[in-house]
Amino acid sequence: SSSRSAVIIIGAGVSGISAAKVLAENGIADLLILEASDRIGGRIRKESFGGVSVELGAGWIAGVGGKASNPVWEIAAKFGLRTCFSDYSNARYNIYDRSGKIFPSGIAADSYKKAVDSAIQRLRDLESDCAVDVPNGAELPLQVPQLIIVFLCLNAEKKVEPISTYVDFGEREFLVADERGYEYFLYKMAEDFLFTSEGRILDNRLKLNKVVRELQHSRNGVTVKTEDGFVYEANYVILSASIGVLQSDLICFRPPLPRWKTEAIEKCDVMVYTKIFLKFPYKFWPCGPDKEFFIYAHERRGYYTFWQHMENAYPGSNILVVTLTNGESKRVEAQSDAETLKEAMSVLRDIFGPEIPTATDILVPRWWNNRFQRGSYSNYPIISDNQVVNDIKAPVGRIFFTGEHTSERFNGYVHGGYLAGIDTSKDLLVEIRKYERENENKSFLL
Ligand code: FAD
(Lines give C-alpha, C1' and ligand atoms only; values in the text may rest on other atoms or scores of the structure.)
Protein backbone atom coordinates (compact mmCIF):
# COMPACT_ATOMS: atom_id res chain seq x y z
CA SER A 1 0.00 0.00 0.00
CA SER A 2 1.21 3.49 -0.71
CA SER A 3 0.15 7.07 -0.06
CA ARG A 4 1.75 10.48 -0.33
CA SER A 5 1.94 13.15 2.34
CA ALA A 6 3.33 16.65 2.36
CA VAL A 7 5.52 15.83 5.37
CA ILE A 8 6.25 12.61 7.22
CA ILE A 9 7.56 13.01 10.75
CA ILE A 10 9.48 10.03 12.07
CA GLY A 11 9.18 9.69 15.84
CA ALA A 12 6.55 10.95 18.27
CA GLY A 13 8.73 12.16 21.12
CA VAL A 14 8.66 15.76 22.26
CA SER A 15 10.58 17.02 19.21
CA GLY A 16 8.38 15.16 16.71
CA ILE A 17 5.19 16.38 18.37
CA SER A 18 6.37 19.98 18.59
CA ALA A 19 7.55 19.86 14.95
CA ALA A 20 4.16 18.52 13.82
CA LYS A 21 2.30 21.13 15.84
CA VAL A 22 4.21 24.01 14.21
CA LEU A 23 3.57 22.59 10.73
CA ALA A 24 -0.13 22.14 11.45
CA GLU A 25 -0.37 25.68 12.78
CA ASN A 26 1.20 26.90 9.54
CA GLY A 27 -1.24 25.23 7.25
CA ILE A 28 0.55 21.92 6.62
CA ALA A 29 -2.21 19.62 7.76
CA ASP A 30 -1.32 16.82 5.37
CA LEU A 31 1.20 15.19 7.64
CA LEU A 32 1.86 11.73 8.90
CA ILE A 33 3.68 10.77 12.09
CA LEU A 34 5.29 7.33 12.11
CA GLU A 35 6.30 6.11 15.57
CA ALA A 36 8.19 2.86 16.12
CA SER A 37 6.90 2.08 19.60
CA ASP A 38 3.33 1.62 20.77
CA ARG A 39 3.07 5.06 22.39
CA ILE A 40 3.98 8.69 22.01
CA GLY A 41 6.52 10.36 24.29
CA GLY A 42 9.78 8.60 23.43
CA ARG A 43 12.16 9.33 26.27
CA ILE A 44 9.34 10.92 28.24
CA ARG A 45 7.75 7.84 29.63
CA LYS A 46 5.88 6.94 32.77
CA GLU A 47 5.27 3.51 34.19
CA SER A 48 3.19 2.35 37.12
CA PHE A 49 5.43 1.06 39.82
CA GLY A 50 4.73 0.35 43.46
CA GLY A 51 1.40 2.14 43.33
CA VAL A 52 2.56 5.40 41.75
CA SER A 53 3.69 6.76 38.36
CA VAL A 54 7.45 6.79 37.98
CA GLU A 55 9.36 8.43 35.15
CA LEU A 56 11.73 6.06 33.38
CA GLY A 57 13.10 8.83 31.20
CA ALA A 58 13.01 12.57 31.79
CA GLY A 59 12.05 13.33 35.38
CA TRP A 60 12.81 16.98 35.92
CA ILE A 61 11.91 20.26 34.35
CA ALA A 62 15.41 21.66 34.47
CA GLY A 63 16.13 25.36 34.26
CA VAL A 64 13.48 27.32 36.12
CA GLY A 65 13.51 30.69 37.85
CA GLY A 66 15.96 32.52 35.59
CA LYS A 67 15.85 35.57 33.38
CA ALA A 68 14.05 33.78 30.56
CA SER A 69 11.17 31.40 30.97
CA ASN A 70 11.64 27.73 30.13
CA PRO A 71 8.91 26.96 27.57
CA VAL A 72 8.38 23.47 28.99
CA TRP A 73 7.83 24.95 32.43
CA GLU A 74 5.22 27.29 30.96
CA ILE A 75 3.37 24.52 29.17
CA ALA A 76 3.50 22.28 32.24
CA ALA A 77 2.09 25.13 34.33
CA LYS A 78 -0.65 25.77 31.80
CA PHE A 79 -1.78 22.15 31.96
CA GLY A 80 -1.41 21.93 35.73
CA LEU A 81 1.32 19.31 35.86
CA ARG A 82 2.21 18.57 39.48
CA THR A 83 5.86 19.23 40.31
CA CYS A 84 8.11 19.31 43.40
CA PHE A 85 11.18 21.48 43.87
CA SER A 86 14.36 19.39 44.07
CA ASP A 87 16.89 20.78 46.49
CA TYR A 88 20.19 19.16 45.61
CA SER A 89 22.18 21.49 47.79
CA ASN A 90 21.84 19.21 50.80
CA ALA A 91 23.11 16.09 49.07
CA ARG A 92 26.62 17.02 50.17
CA TYR A 93 25.64 16.55 53.81
CA ASN A 94 24.29 13.08 53.09
CA ILE A 95 27.38 11.25 51.92
CA TYR A 96 27.77 7.76 53.38
CA ASP A 97 30.91 5.68 53.36
CA ARG A 98 30.95 1.90 53.08
CA SER A 99 30.48 1.40 56.78
CA GLY A 100 27.39 3.60 56.78
CA LYS A 101 29.07 6.54 58.46
CA ILE A 102 28.04 9.96 57.26
CA PHE A 103 31.02 12.06 56.30
CA PRO A 104 31.31 14.88 58.83
CA SER A 105 29.40 17.67 57.16
CA GLY A 106 32.34 20.09 57.13
CA ILE A 107 34.59 17.67 55.29
CA ALA A 108 31.80 16.47 53.06
CA ALA A 109 30.81 20.01 52.15
CA ASP A 110 34.42 20.88 51.54
CA SER A 111 35.23 17.94 49.29
CA TYR A 112 31.91 18.31 47.55
CA LYS A 113 32.67 21.94 46.83
CA LYS A 114 36.17 20.99 45.70
CA ALA A 115 34.70 18.40 43.37
CA VAL A 116 32.35 20.90 41.81
CA ASP A 117 35.03 23.60 41.66
CA SER A 118 37.44 21.33 39.88
CA ALA A 119 34.76 20.29 37.41
CA ILE A 120 34.09 23.96 36.68
CA GLN A 121 37.81 24.65 36.41
CA ARG A 122 38.13 21.83 33.89
CA LEU A 123 35.43 23.39 31.78
CA ARG A 124 37.09 26.81 32.03
CA ASP A 125 40.57 25.47 31.22
CA LEU A 126 39.24 23.92 28.09
CA GLU A 127 37.05 26.83 27.21
CA SER A 128 39.47 28.79 25.09
CA ASP A 129 39.87 26.12 22.46
CA CYS A 130 36.45 24.56 22.53
CA ALA A 131 33.86 27.28 22.99
CA VAL A 132 32.16 25.94 26.05
CA ASP A 133 29.62 28.35 27.34
CA VAL A 134 30.85 29.18 30.83
CA PRO A 135 30.11 32.77 31.76
CA ASN A 136 33.01 34.59 33.32
CA GLY A 137 32.98 34.57 37.07
CA ALA A 138 29.70 32.72 37.22
CA GLU A 139 29.48 30.33 40.10
CA LEU A 140 27.95 27.10 39.05
CA PRO A 141 25.15 26.49 41.50
CA LEU A 142 25.68 23.59 43.83
CA GLN A 143 22.30 22.17 43.08
CA VAL A 144 23.15 21.51 39.44
CA PRO A 145 22.50 17.80 39.66
CA GLN A 146 23.76 16.33 36.44
CA LEU A 147 27.17 17.84 36.87
CA ILE A 148 27.45 16.35 40.30
CA ILE A 149 26.07 12.97 39.38
CA VAL A 150 28.34 12.73 36.41
CA PHE A 151 31.31 14.05 38.31
CA LEU A 152 30.81 11.46 40.99
CA CYS A 153 30.04 8.66 38.58
CA LEU A 154 32.45 9.25 35.73
CA ASN A 155 35.87 10.56 35.10
CA ALA A 156 34.80 14.04 34.14
CA GLU A 157 36.32 13.92 30.69
CA LYS A 158 33.38 15.35 28.90
CA LYS A 159 31.46 18.52 28.66
CA VAL A 160 28.76 17.12 30.87
CA GLU A 161 26.67 20.16 31.49
CA PRO A 162 24.75 22.06 28.85
CA ILE A 163 25.07 25.13 31.00
CA SER A 164 22.91 27.34 28.78
CA THR A 165 19.91 25.74 30.45
CA TYR A 166 20.89 27.18 33.83
CA VAL A 167 22.19 30.48 32.49
CA ASP A 168 19.12 31.20 30.37
CA PHE A 169 16.30 29.57 32.28
CA GLY A 170 17.54 29.49 35.85
CA GLU A 171 19.13 27.15 38.31
CA ARG A 172 16.12 25.48 39.82
CA GLU A 173 14.88 22.02 38.96
CA PHE A 174 11.43 20.60 39.52
CA LEU A 175 10.65 16.93 39.69
CA VAL A 176 7.52 15.98 37.82
CA ALA A 177 5.34 14.11 40.30
CA ASP A 178 2.07 13.68 38.50
CA GLU A 179 0.08 10.46 38.18
CA ARG A 180 -0.65 11.36 34.56
CA GLY A 181 3.08 11.45 33.93
CA TYR A 182 5.45 13.98 32.39
CA GLU A 183 3.99 12.80 29.06
CA TYR A 184 0.66 14.43 29.94
CA PHE A 185 1.88 17.77 28.60
CA LEU A 186 2.66 16.08 25.28
CA TYR A 187 -0.85 14.66 25.01
CA LYS A 188 -2.20 18.14 25.72
CA MET A 189 0.05 19.63 23.02
CA ALA A 190 -1.02 16.94 20.57
CA GLU A 191 -4.67 17.73 21.25
CA ASP A 192 -4.18 21.08 19.56
CA PHE A 193 -3.73 19.51 16.15
CA LEU A 194 -4.62 15.82 16.36
CA PHE A 195 -8.10 14.44 16.91
CA THR A 196 -8.44 13.06 20.43
CA SER A 197 -11.25 11.62 22.47
CA GLU A 198 -11.19 10.94 26.21
CA GLY A 199 -7.47 11.48 26.39
CA ARG A 200 -6.70 9.12 23.53
CA ILE A 201 -5.31 10.19 20.17
CA LEU A 202 -7.60 8.78 17.49
CA ASP A 203 -6.16 10.60 14.50
CA ASN A 204 -5.05 8.39 11.63
CA ARG A 205 -2.19 10.82 10.91
CA LEU A 206 -0.44 9.27 13.91
CA LYS A 207 0.63 5.71 13.25
CA LEU A 208 2.14 3.69 16.11
CA ASN A 209 4.23 0.51 15.79
CA LYS A 210 5.68 1.79 12.51
CA VAL A 211 9.40 1.12 12.54
CA VAL A 212 11.04 3.05 9.72
CA ARG A 213 13.84 0.98 8.17
CA GLU A 214 14.57 2.74 4.90
CA LEU A 215 14.56 6.28 3.55
CA GLN A 216 14.99 6.52 -0.18
CA HIS A 217 15.39 10.14 -1.14
CA SER A 218 15.75 12.16 -4.31
CA ARG A 219 15.13 15.67 -5.58
CA ASN A 220 11.46 14.80 -5.91
CA GLY A 221 10.66 13.38 -2.54
CA VAL A 222 11.24 10.65 -0.01
CA THR A 223 10.03 7.06 0.04
CA VAL A 224 9.71 5.69 3.56
CA LYS A 225 9.63 1.95 4.18
CA THR A 226 8.58 0.42 7.46
CA GLU A 227 9.40 -2.93 9.00
CA ASP A 228 5.87 -4.24 8.44
CA GLY A 229 6.26 -3.81 4.68
CA PHE A 230 4.41 -0.54 4.20
CA VAL A 231 5.63 2.18 1.86
CA TYR A 232 4.86 5.87 2.36
CA GLU A 233 5.69 8.74 0.04
CA ALA A 234 6.36 12.27 1.17
CA ASN A 235 7.55 15.56 -0.20
CA TYR A 236 9.67 16.00 2.93
CA VAL A 237 10.68 13.98 5.96
CA ILE A 238 11.50 15.21 9.45
CA LEU A 239 13.56 12.58 11.26
CA SER A 240 13.60 12.83 15.06
CA ALA A 241 15.29 9.52 15.94
CA SER A 242 17.93 9.88 18.66
CA ILE A 243 21.66 10.23 18.04
CA GLY A 244 22.11 6.63 19.23
CA VAL A 245 19.63 5.43 16.59
CA LEU A 246 21.38 7.49 13.90
CA GLN A 247 24.65 5.81 14.89
CA SER A 248 23.03 2.38 14.61
CA ASP A 249 21.95 0.66 11.41
CA LEU A 250 18.21 0.77 12.14
CA ILE A 251 17.51 3.20 9.31
CA CYS A 252 19.07 2.65 5.90
CA PHE A 253 19.47 5.76 3.73
CA ARG A 254 19.41 5.42 -0.04
CA PRO A 255 21.58 7.01 -1.29
CA PRO A 256 23.71 6.86 1.88
CA LEU A 257 24.13 10.01 3.94
CA PRO A 258 27.09 12.14 2.85
CA ARG A 259 30.35 11.83 4.75
CA TRP A 260 30.15 15.19 6.49
CA LYS A 261 26.88 14.01 7.96
CA THR A 262 27.93 10.56 9.12
CA GLU A 263 31.18 11.93 10.53
CA ALA A 264 29.32 14.53 12.57
CA ILE A 265 26.89 11.86 13.83
CA GLU A 266 29.82 9.72 14.96
CA LYS A 267 31.38 12.62 16.84
CA CYS A 268 28.49 13.05 19.25
CA ASP A 269 28.67 10.80 22.30
CA VAL A 270 25.72 8.99 23.74
CA MET A 271 25.16 9.23 27.46
CA VAL A 272 23.45 6.34 29.21
CA TYR A 273 21.61 7.39 32.34
CA THR A 274 19.58 4.85 34.26
CA LYS A 275 17.19 5.34 37.13
CA ILE A 276 16.54 2.12 39.02
CA PHE A 277 13.42 2.06 41.15
CA LEU A 278 13.13 -0.04 44.32
CA LYS A 279 9.91 -0.59 46.26
CA PHE A 280 10.07 -1.39 49.99
CA PRO A 281 7.49 -2.59 52.50
CA TYR A 282 8.36 0.35 54.75
CA LYS A 283 10.95 3.09 54.86
CA PHE A 284 14.18 2.82 56.77
CA TRP A 285 15.95 5.87 55.40
CA PRO A 286 15.89 9.33 56.94
CA CYS A 287 13.22 11.54 55.42
CA GLY A 288 12.59 15.23 55.13
CA PRO A 289 13.33 17.64 52.33
CA ASP A 290 17.02 17.98 53.25
CA LYS A 291 17.46 14.21 53.06
CA GLU A 292 15.92 13.66 49.64
CA PHE A 293 19.27 12.91 48.02
CA PHE A 294 22.08 10.82 49.41
CA ILE A 295 25.39 9.64 48.10
CA TYR A 296 27.25 6.38 48.56
CA ALA A 297 31.02 6.72 48.42
CA HIS A 298 32.54 3.52 47.08
CA GLU A 299 36.03 3.12 45.64
CA ARG A 300 34.50 1.99 42.39
CA ARG A 301 33.38 5.15 40.63
CA GLY A 302 29.70 5.25 39.81
CA TYR A 303 28.85 2.14 41.84
CA TYR A 304 25.31 2.87 43.09
CA THR A 305 26.45 6.37 43.95
CA PHE A 306 23.45 8.65 43.69
CA TRP A 307 20.22 7.93 45.59
CA GLN A 308 16.91 9.68 45.98
CA HIS A 309 13.88 8.87 48.11
CA MET A 310 10.44 9.60 46.69
CA GLU A 311 8.73 10.67 49.91
CA ASN A 312 8.68 14.34 48.93
CA ALA A 313 6.99 13.57 45.64
CA TYR A 314 4.81 10.68 46.81
CA PRO A 315 4.60 10.42 50.62
CA GLY A 316 4.16 6.84 51.75
CA SER A 317 5.31 5.34 48.47
CA ASN A 318 8.37 3.72 50.08
CA ILE A 319 10.35 3.96 46.87
CA LEU A 320 14.06 4.62 46.44
CA VAL A 321 15.70 5.56 43.15
CA VAL A 322 19.36 4.99 42.36
CA THR A 323 21.04 6.50 39.31
CA LEU A 324 23.70 4.76 37.27
CA THR A 325 25.47 6.06 34.18
CA ASN A 326 27.39 4.83 31.15
CA GLY A 327 29.52 1.76 31.98
CA GLU A 328 27.54 0.88 35.09
CA SER A 329 24.28 1.37 33.18
CA LYS A 330 25.39 -0.99 30.43
CA ARG A 331 26.65 -3.54 32.92
CA VAL A 332 23.36 -3.57 34.80
CA GLU A 333 21.30 -3.68 31.60
CA ALA A 334 23.10 -6.86 30.64
CA GLN A 335 22.42 -8.71 33.88
CA SER A 336 19.21 -9.99 35.42
CA ASP A 337 17.14 -7.67 37.59
CA ALA A 338 17.55 -10.18 40.44
CA GLU A 339 21.32 -9.68 40.23
CA THR A 340 20.88 -5.89 40.26
CA LEU A 341 18.54 -6.12 43.23
CA LYS A 342 21.19 -8.12 45.11
CA GLU A 343 23.85 -5.48 44.42
CA ALA A 344 21.59 -2.58 45.38
CA MET A 345 20.53 -4.31 48.60
CA SER A 346 24.09 -4.94 49.59
CA VAL A 347 24.88 -1.23 49.13
CA LEU A 348 21.83 -0.23 51.16
CA ARG A 349 22.85 -2.69 53.92
CA ASP A 350 26.30 -1.06 53.98
CA ILE A 351 24.60 2.25 54.57
CA PHE A 352 21.63 1.39 56.77
CA GLY A 353 22.59 -1.92 58.35
CA PRO A 354 21.78 -5.59 57.83
CA GLU A 355 18.25 -5.47 59.29
CA ILE A 356 16.63 -3.47 56.52
CA PRO A 357 13.97 -5.26 54.46
CA THR A 358 14.66 -6.47 50.95
CA ALA A 359 12.90 -4.54 48.20
CA THR A 360 9.71 -6.22 47.04
CA ASP A 361 9.95 -4.91 43.50
CA ILE A 362 12.57 -3.48 41.15
CA LEU A 363 12.34 -1.62 37.85
CA VAL A 364 15.41 -1.34 35.61
CA PRO A 365 14.90 0.69 32.42
CA ARG A 366 17.07 -0.40 29.50
CA TRP A 367 17.62 2.68 27.34
CA TRP A 368 20.89 1.39 25.93
CA ASN A 369 19.44 -1.86 24.61
CA ASN A 370 16.26 -0.26 23.32
CA ARG A 371 16.78 -0.22 19.55
CA PHE A 372 14.55 2.86 19.22
CA GLN A 373 16.78 4.78 21.64
CA ARG A 374 20.32 3.35 22.00
CA GLY A 375 21.11 5.54 24.97
CA SER A 376 19.61 8.29 27.09
CA TYR A 377 20.75 11.57 25.58
CA SER A 378 23.38 13.24 23.45
CA ASN A 379 26.60 14.44 25.02
CA TYR A 380 28.76 16.59 22.81
CA PRO A 381 32.45 16.16 23.65
CA ILE A 382 34.08 19.20 25.17
CA ILE A 383 36.42 19.51 22.21
CA SER A 384 33.59 19.73 19.69
CA ASP A 385 32.50 23.03 18.21
CA ASN A 386 29.18 24.25 16.89
CA GLN A 387 30.00 22.83 13.48
CA VAL A 388 29.30 19.31 14.73
CA VAL A 389 25.81 20.09 15.96
CA ASN A 390 25.14 22.23 12.88
CA ASP A 391 26.10 19.33 10.62
CA ILE A 392 23.96 16.93 12.60
CA LYS A 393 21.05 19.34 12.26
CA ALA A 394 21.56 20.24 8.59
CA PRO A 395 19.07 18.73 6.13
CA VAL A 396 20.17 16.26 3.47
CA GLY A 397 18.06 16.96 0.43
CA ARG A 398 14.48 16.55 1.53
CA ILE A 399 15.31 14.89 4.83
CA PHE A 400 15.27 17.32 7.76
CA PHE A 401 16.67 16.42 11.16
CA THR A 402 15.37 17.23 14.61
CA GLY A 403 15.58 15.92 18.18
CA GLU A 404 17.33 17.06 21.35
CA HIS A 405 20.71 16.29 19.75
CA THR A 406 20.08 19.03 17.15
CA SER A 407 19.68 21.73 19.80
CA GLU A 408 22.83 23.78 19.97
CA ARG A 409 22.12 25.24 23.38
CA PHE A 410 19.82 22.78 25.12
CA ASN A 411 20.74 19.31 23.89
CA GLY A 412 20.04 16.54 26.37
CA TYR A 413 16.89 18.13 27.76
CA VAL A 414 13.16 18.00 27.18
CA HIS A 415 13.12 21.72 26.36
CA GLY A 416 15.99 21.05 23.93
CA GLY A 417 13.81 18.54 22.08
CA TYR A 418 10.80 20.85 22.22
CA LEU A 419 12.70 23.85 20.84
CA ALA A 420 14.49 21.72 18.23
CA GLY A 421 11.14 20.55 16.85
CA ILE A 422 10.04 24.15 16.44
CA ASP A 423 13.34 25.16 14.81
CA THR A 424 13.35 22.32 12.32
CA SER A 425 9.76 22.94 11.29
CA LYS A 426 10.49 26.62 10.77
CA ASP A 427 13.46 25.73 8.57
CA LEU A 428 11.27 23.35 6.59
CA LEU A 429 8.56 25.99 6.20
CA VAL A 430 11.13 28.38 4.75
CA GLU A 431 12.14 25.67 2.28
CA ILE A 432 8.54 24.93 1.35
CA ARG A 433 7.71 28.63 0.81
CA LYS A 434 10.81 28.98 -1.37
CA TYR A 435 9.78 25.97 -3.43
CA GLU A 436 6.31 27.39 -3.86
CA ARG A 437 7.70 30.76 -5.04
CA GLU A 438 10.02 29.12 -7.54
CA ASN A 439 7.29 26.86 -8.86
CA GLU A 440 4.35 29.18 -8.82
CA ASN A 441 2.35 27.17 -11.29
CA LYS A 442 2.93 23.89 -9.48
CA SER A 443 1.22 22.96 -6.29
CA PHE A 444 3.48 22.09 -3.39
CA LEU A 445 1.68 18.83 -3.01
CA LEU A 446 2.67 17.49 -6.42
P1 FAD B 1 12.77 10.85 21.61
O2 FAD B 1 11.96 11.11 22.82
O3 FAD B 1 13.72 9.72 21.65
O4 FAD B 1 11.79 10.70 20.38
C5 FAD B 1 12.16 10.04 19.21
C6 FAD B 1 11.10 9.04 18.85
O7 FAD B 1 11.47 8.41 17.63
C8 FAD B 1 10.92 7.92 19.86
O9 FAD B 1 9.57 7.86 20.27
C10 FAD B 1 11.34 6.65 19.10
O11 FAD B 1 10.57 5.52 19.47
C12 FAD B 1 11.09 7.06 17.68
N13 FAD B 1 11.91 6.32 16.70
C14 FAD B 1 13.22 6.02 16.76
N15 FAD B 1 13.59 5.33 15.67
C16 FAD B 1 12.50 5.21 14.89
C17 FAD B 1 12.26 4.60 13.63
N18 FAD B 1 13.21 3.95 12.95
N19 FAD B 1 11.00 4.64 13.11
C20 FAD B 1 10.00 5.28 13.79
N21 FAD B 1 10.19 5.88 14.98
C22 FAD B 1 11.42 5.85 15.52
N23 FAD B 1 15.54 15.80 30.08
C24 FAD B 1 15.16 16.78 30.96
O25 FAD B 1 14.86 17.90 30.53
N26 FAD B 1 15.12 16.53 32.29
C27 FAD B 1 15.44 15.33 32.82
O28 FAD B 1 15.35 15.12 34.03
C29 FAD B 1 15.87 14.30 31.95
N30 FAD B 1 16.22 13.09 32.42
C31 FAD B 1 16.40 12.06 31.54
C32 FAD B 1 16.57 10.77 32.06
C33 FAD B 1 16.65 9.69 31.21
C34 FAD B 1 16.79 8.32 31.79
C35 FAD B 1 16.56 9.89 29.81
C36 FAD B 1 16.58 8.72 28.87
C37 FAD B 1 16.44 11.17 29.29
C38 FAD B 1 16.35 12.26 30.15
N39 FAD B 1 16.19 13.57 29.67
C40 FAD B 1 15.88 14.57 30.54
C41 FAD B 1 16.31 13.87 28.24
C42 FAD B 1 14.95 13.98 27.53
O43 FAD B 1 14.15 12.89 27.87
C44 FAD B 1 15.19 14.00 26.02
O45 FAD B 1 16.09 15.05 25.70
C46 FAD B 1 13.93 14.22 25.17
O47 FAD B 1 12.82 13.53 25.69
C48 FAD B 1 14.24 13.77 23.76
O49 FAD B 1 13.14 13.99 22.90
P50 FAD B 1 13.30 13.70 21.34
O51 FAD B 1 12.01 14.00 20.70
O52 FAD B 1 14.51 14.38 20.84
O53 FAD B 1 13.65 12.15 21.23
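**Group meeting: a predicted model, from one strand outward**

Let me begin with a single residue. Apart from its neighbours within four places in sequence, I362 is in contact with I276, F277, L278, D337, T340 and L341. I should say at once that this is a predicted model. I362 belongs to strand β21. Is I362 buried, partly exposed or exposed? I362 counts as partly exposed, because 17 C-beta neighbours fall inside 10 Å, and a buried residue needs 20 or more. One further pair is worth showing here: I362 and A338 are 24 residues apart along the chain, and their C-alpha atoms are separated by 8.4 Å.

I turn now to the sheet that contains this strand. The sheet is open, has six strands with mixed pairing, and follows the order β7-β18-β19-β20-β17-β21. Its edge strands are β7, at residues 95-96, and β21, at residues 361-363, and each of these pairs on one side only. Within the sheet, β18, residues 293-296, and β19, residues 306-309, are paired in the antiparallel sense over three bridges. In that pairing, I295 stands opposite F306 of β19. A helix also belongs to this picture: α9, residues 326-334, packs on the sheet and touches β17 and β20, the latter at residues 319-325. The direction of α9 makes about 115° with that of β20.

Between β19 and β20 there is a loop, and N318 lies in it. The phi angle of N318 is near 55°, which is a positive value in a residue other than glycine. N318 is buried, because 23 other C-beta atoms lie within 10 Å. A second asparagine may be set beside it. The phi angle of N209 is also near 55°, again positive in a residue other than glycine. N209 is found in the loop between β11, residues 206-207, and β12, residues 212-218. How many other C-beta atoms lie within 10 Å of N209? There are 13, so N209 is partly exposed.

While we are on backbone geometry, I would draw your attention to P255. The peptide bond that leads from R254 to P255 is cis, with omega near -5°. P255 is placed in the loop between β15, residues 252-254, and α8, residues 259-267.

The next item is another sheet. Three strands, in the order β5-β8-β6, form an open sheet with antiparallel pairing. Here β5 and β6, the latter at residues 83-85, are the edge strands, each pairing on one side only. On average, neighbouring strands of this sheet are turned by 30° against each other, direction ignored. β6 and β8, residues 172-176, run antiparallel and are joined by three bridges. F85 has F174 in β8 as its bridge partner.

After β6, we come to Y88, which is located in the loop between β6 and β7. Y88 is buried, because 21 other C-beta atoms lie within 10 Å. Y88 and F294 are 206 residues apart in sequence, yet 9.4 Å apart in space, C-alpha to C-alpha.

Let me now consider the interior. In soluble globular proteins, nonpolar side chains tend to be buried together. In this model the largest nonpolar core has 104 residues, and I8 and V237 are those with the most contacts inside it. Which strand gives the most to this core? It is β14, residues 231-239, with six residues. Leaving aside neighbours within four places in sequence, the contacts of I8 are L32, L34, V224, Y232, A234 and V237.

I come next to the ligand. There are 42 residues around the ligand, and those that come nearest are G11, G13, S15, G42 and G417. The elements that give two or more residues to this shell are α1 (14-25), β5 (60-64), β17 (273-279) and α12 (414-438). As for character, the residues of the shell divide into 21 nonpolar, 16 polar and five charged.

Finally, the chain as a whole. Its secondary structure amounts to 12 helices and 23 strands. Of its 446 residues, 44% count as buried. Among contacts between residues at least 6 apart in sequence, 73% join residues at least 24 apart.

Key:
Residues are numbered from 1 along each chain as its sequence is written. This is a predicted model: local features need pLDDT of at least 70, side-chain atom pairs count only at pLDDT 80 or more; totals for chains, interfaces and linings use all residues. A residue is near a molecule or strand if its C-beta atom, placed from the backbone, lies within 6 Å of it. Helices (H or I, at least four residues) and strands (E, at least two) are DSSP runs, numbered from the N terminus. Ala, Val, Leu, Ile, Met, Phe, Trp, Tyr, Cys and Pro count as nonpolar, Asp, Glu, Lys and Arg as charged, and the others, Gly among them, as polar. Two strands pair if DSSP finds at least two bridges between them. Two residues are in contact if their C-beta atoms, placed from the backbone, lie within 7 Å. Axes are lines fitted to C-alpha atoms, for helices over the stretch in contact, and angles run from 0 to 180 degrees between N-to-C directions. A residue is buried if 20 or more other C-beta atoms lie within 10 Å of its own, exposed if 12 or fewer, and partly exposed in between; C-beta atoms are placed from the backbone. A nonpolar core is a set of buried Ala, Val, Leu, Ile, Met, Phe, Trp, Tyr and Cys residues joined through C-beta atoms within 7 Å.
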